Amino acid sequence: MKNAAGDWVECCHFTVLLYPAVVFRIKPATVNVDGVELEVPLREAPEKGARLWLLFDNTRTPDVPISFSPQMPEHVWWLNEGRLFASKEARDKYQDALVKLANGEIK
């Protein structure tokens, strides 16, 4: 939440989130690779129809998001493998970092 100075601070157990003056956000989980904070892949199934981007998408349309469906086995498989991202930008940054790690460009 934001404090009186406008800085982001962690909420605590007595923070009233429904109070109109409280501004809060849910920070996505991140991992630090070579000093760069990267969003991690989704860990929990999103709602049906959520637009997601696939890590190392080798289809003919890698820049087109998938529409998540828990009834599609490959979607659940990709989720369990940690290959689904909520945004194209997060997917691209994570993918670039993995390629650089594999090539020994970063540690």
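User: What makes β1 and β2 a hairpin, and what sits in the turn?

Analyst: In this predicted model, β1 and β2 have two residues between them. D34 sits in that turn, with a positive phi of about 55°. The two strands run antiparallel and are joined by four bridges. Two strands count as paired if there are at least two bridges between them, so β1 and β2 qualify. One of the partnerships links N32 to E37 of β2.

User: How do you know that β3 and β5 pair?

Analyst: Count the bridges: β3 and β5 share two, in the antiparallel sense. The cut-off is at least two, so the pair passes. L54 has L84 in β5 as its bridge partner.

User: What makes the sheet with β4, β3 and β5 open, and which strands are its edges?

Analyst: Its three strands come in the order β4-β3-β5, with antiparallel pairing. The edge strands are β4 (residues 66-67) and β5, each pairing on one side only. As a general point, strands of a sheet pair through backbone hydrogen bonds, either parallel or antiparallel.

User: How many helices and strands does the chain have, and what pattern do they follow?

Analyst: There are two helices and five strands. Going along the sequence, you meet them as β-β-β-β-α-β-α.

User: How do you know what span to expect for α2?

Analyst: Helix α2 covers residues 88-102, which is 15 residues. The expected span is 1.5 Å times one less than the number of residues, and for α2 that comes to 21 Å. From first C-alpha to last, the helix reaches 21 Å, close to that expectation. After α2 comes G104, whose phi is positive, near 75°.

User: Which residues of α2 are buried, and why do they line one face?

Analyst: The buried ones are A90, R91, Y94, Q95 and A97. Looking down the axis of α2, its buried residues fall within an arc of 160°, so they line one face of the helix. They pack against β1 (30-33), β2 (36-39), β3 (51-54) and β5 (84-85). On the face turned away from the buried side, you'll find the exposed residues E89 and K93.

User: Why is R43 called exposed?

Analyst: Its relative accessibility is 65%, and exposed means over 50%, so R43 makes the cut. You'll find R43 in the loop between β2 and β3.

User: What separation do the C-alpha atoms of R43 and L79 have?

Analyst: They are separated by 6.8 Å, although R43 and L79 are 36 residues apart along the chain.

User: S69 lies in a loop; buried or exposed, and how do you know?

Analyst: Buried means under 20% relative accessible area, and S69 has 11%, so S69 is buried. Its loop runs between β4 and α1 (73-81).

User: Which residues is S69 in contact with, leaving aside neighbours within four places in sequence?

Analyst: K48 and H75. A contact here means heavy atoms within 4.5 Å.

User: How much of the whole protein chain counts as buried?

Analyst: Of its 107 residues, 25% do. The accessible surface comes to about 8,000 Å², and carbon and sulfur atoms hold 55% of that.

User: And what share of the contacts with a separation of 6 or more comes from residues 24 or more positions apart?

Analyst: For the protein chain, that share is 46%.

Notes. Residues are numbered from 1 along each chain as its sequence is written. This is a predicted model: local features need pLDDT of at least 70, side-chain atom pairs count only at pLDDT 80 or more; totals for chains, interfaces and linings use all residues. Side-chain values use heavy atoms; hydrogens and water are left out. Buried means under 20% relative accessible area, exposed over 50%, partly exposed in between (1.4 Å probe, protein chains only). The arc is that of the directions from the helix axis to the C-beta atoms. Accessible areas come from the Shrake-Rupley method with a 1.4 Å probe; for residues, only the protein chains shown count as cover.
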